[in-house]
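User: I would like to learn how to read sheets, chain contacts and cavities in a protein model. Could you take me through them one at a time?

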Number of protein chains: 2
Amino acid sequence: MKVACMCSGRGSNMKSILEAKAAGRIPGAEFRGLICDEEGAGALETAAAFGLPSVTVPFRDFKGDRPAFEGRVLEALRGFGTELVVLAGFQRVLGKTVLGAYPGKVMNIHPALLPSFPGHQVWAKETGYGVKIAGATVHFVDEGVDSGPIILQGAVPVLETDGPDELSARILAVEHRIFPVAVDWVTSGRVTLEGRVSRLKGFGPSEAQAEAVLIWPPLTA
Amino acid sequence: MKVACMCSGRGSNMKSILEAKAAGRIPGAEFRGLICDEEGAGALETAAAFGLPSVTVPFRDFKGDRPAFEGRVLEALRGFGTELVVLAGFQRVLGKTVLGAYPGKVMNIHPALLPSFPGHQVWAKETGYGVKIAGATVHFVDEGVDSGPIILQGAVPVLETDGPDELSARILAVEHRIFPVAVDWVTSGRVTLEGRVSRLKGFGPSEAQAEAVLIWPPLTA
């Protein structure tokens, strides 16, 4: 499956995916290119280091004309022969132009246990609300904000000493673990949808796995 | 600290708390009584088995007059000398009459990782949405619905085969583990609030604990 990544920043999630690919852990994906909406973003260097071509479509050049921006993004996606779009730290909400061309074929990672805390400034919302467990979610993108079908989630504790930055780092570590695996599952054809509920072919949880639990603060605190 | 429980159903969460008390694990609490809003609820038998007095305040007798219902509940709470109210499967939203008399002194358990899925019919919402990780939350009650400060959370996986009933059972098992501990923490004076964020005195998480994580489906799936 031909994959394009889209990033706005450092591209650390894309890097974790490209490293997994290099290690042979995503055999079903062929990474064709990066589309970046910010000139000079670190993701461009990361892509170059992995030999991945990139196209920059600077959002600000479009002066708020989102359909024109998306049209140019779509052109770049098609230029890469893209079949699956992986949003890896892409900071804009995509609209009908791209989503209509790739229905059910756009994946995103979000730094919260959705449906809690969609949107921006998630870490400050999480620490401000006082949740004890936070996390990350890989999901398909629909036309809402972080509202599409969930593929994979990872939960982490929120420490007493956490501010937004500390929590962000802890969540990012789990993002880097789960996103490459989710991309592998999707590109190997293992993920199907029943309505909006995703299923993973060949996965029958054992009793032992079903007893997995994360409690925070720990009961021995 | 003198504690009254409030239940609407079987009272299995109250039972887990009373068992923990009997085992010496909640030394700071003195359980004074149960208030039940449903005649014939199983919780009444459970209370009797532990020698706990109970008062039934049947909601339906008040024909929708919530202030009158709450007034009677408040009278019963005062009759028990209550200092802390523990809602253990109590199915009604309390209003100003009780909350105003016990500000910051009402605890509840909710079968979701709040702020996801407040309110009723939680398990069907969780399985219908397709979350991969669900859980339970012990929190202080404020005047919103399941919106108060969080004390303790437990996360569990949602299995591919889970319907609402299976998920409910898995969440209930973690409820029974976390609620007695949260009641111990509160009744021993360990829980304080900074704004709406709860803190646990004497708890300094170690690095090892901070690496706790729950990922679902498992990465080896």
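Analyst: We will go through the sheets, then the contact between the chains, and then the cavities, keeping in mind that this is a predicted model.

User: How should I read a sheet, and in what order do the strands of the open sheet that begins with β3(A) stand?

Analyst: In general, the strands of a sheet pair through backbone hydrogen bonds, either parallel or antiparallel. Here, eight strands form an open sheet in the order β3(A)-β2(A)-β1(A)-β4(A)-β5(A)-β6(A)-β7(A)-β10(B), and the pairing is mixed. At the edges stand β3 (54-56) of chain A and β10 (214-216) of chain B, each with a single partner strand, so one side of each has no neighbour in the sheet. From one strand to the next, the twist averages 15°.

User: How is β7 of chain A joined to β10(B)?

Analyst: Strand β7 (residues 150-157) of chain A and β10(B) run antiparallel and are joined by three bridges; looking at a particular pair, you will find that A:Q153 has B:W216 in β10(B) as its bridge partner. Helix α6 (residues 164-187) of chain A packs on the sheet, where it touches β1, β2, β4, β5, β6 and β7 of chain A together with β10 of chain B, and its direction makes about 155° with that of β7(A). Helix α1 (residues 12-22) of chain A lies across β1 (2-7), β2 (30-36), β4 (84-87) and β5 (106-110) of chain A, running at about 165° to β2(A).

User: Which strands form the open sheet that begins with β10(A)?

Analyst: That open sheet has eight strands in the order β10(A)-β7(B)-β6(B)-β5(B)-β4(B)-β1(B)-β2(B)-β3(B), again with mixed pairing. Its edges are β10 (214-216) of chain A and β3 (54-56) of chain B, and each has a single partner strand, so one side of each is left without a neighbour in the sheet. β10(A) pairs with strand β7 (residues 150-157) of chain B in the antiparallel sense over three bridges, and A:L214 stands opposite B:A155 in β7(B).

User: What does the hairpin of β8(A) and β9(A) look like?

Analyst: Strand β8 (residues 191-194) and strand β9 (residues 197-200) of chain A run antiparallel and are joined by four bridges, with A:T192 having A:R199 in β9(A) as its bridge partner. Two residues lie between the strands of this hairpin, and A:G195 takes a positive phi near 65°.

User: How many residues of chain A are in contact with chain B, and how do I describe such an interface?

Analyst: The size of an interface is often given as the accessible area lost when the parts come together. In this model, 50 residues of chain A are in contact with 50 residues of chain B, and the area buried between the chains is about 4500 Å², of which carbon and sulfur atoms give 62%. A:Y129, A:E160 and A:L219 supply 15% of the area that chain A buries against chain B, more than any other three residues.

User: How many cavities of 30 Å³ or more are there, and what lines them?

Analyst: A useful habit is to take the volume and then the lining. There are two cavities of 30 Å³ or more, and the largest has a volume of about 140 Å³. Its lining is made of 22 residues, of which A:L113, A:L114, A:S116, B:L113 and B:S116 lie nearest its centre. By class, this lining has 15 nonpolar, five polar and two charged residues. The second largest cavity holds about 30 Å³ of space, and its lining has five nonpolar, one polar and three charged residues, with A:E160 and B:W185 among them.

Methods: Residues are numbered from 1 along each chain as its sequence is written. Chains are lettered from A and ligands numbered from 1 in the order in which they are written. This is a predicted model: local features need pLDDT of at least 70, side-chain atom pairs count only at pLDDT 80 or more; totals for chains, interfaces and linings use all residues. Side-chain values use heavy atoms; hydrogens and water are left out. On a 1 Å grid over the protein atoms alone, a cavity is a set of points where a 1.4 Å probe fits but cannot get out, and a pocket is an open set with protein on both sides within 12 Å along at least five of seven lines; lining residues have an atom within 4 Å of a point. Grid points are joined across faces, edges and corners, and a volume is the space filled by probe spheres set on the points. Ala, Val, Leu, Ile, Met, Phe, Trp, Tyr, Cys and Pro count as nonpolar, Asp, Glu, Lys and Arg as charged, and the others, Gly among them, as polar. Two strands pair if DSSP finds at least two bridges between them. Contact means heavy atoms within 4.5 Å. Buried area is the accessible area (1.4 Å probe) that two parts lose on being put together, summed over both. Axes are lines fitted to C-alpha atoms, for helices over the stretch in contact, and angles run from 0 to 180 degrees between N-to-C directions.
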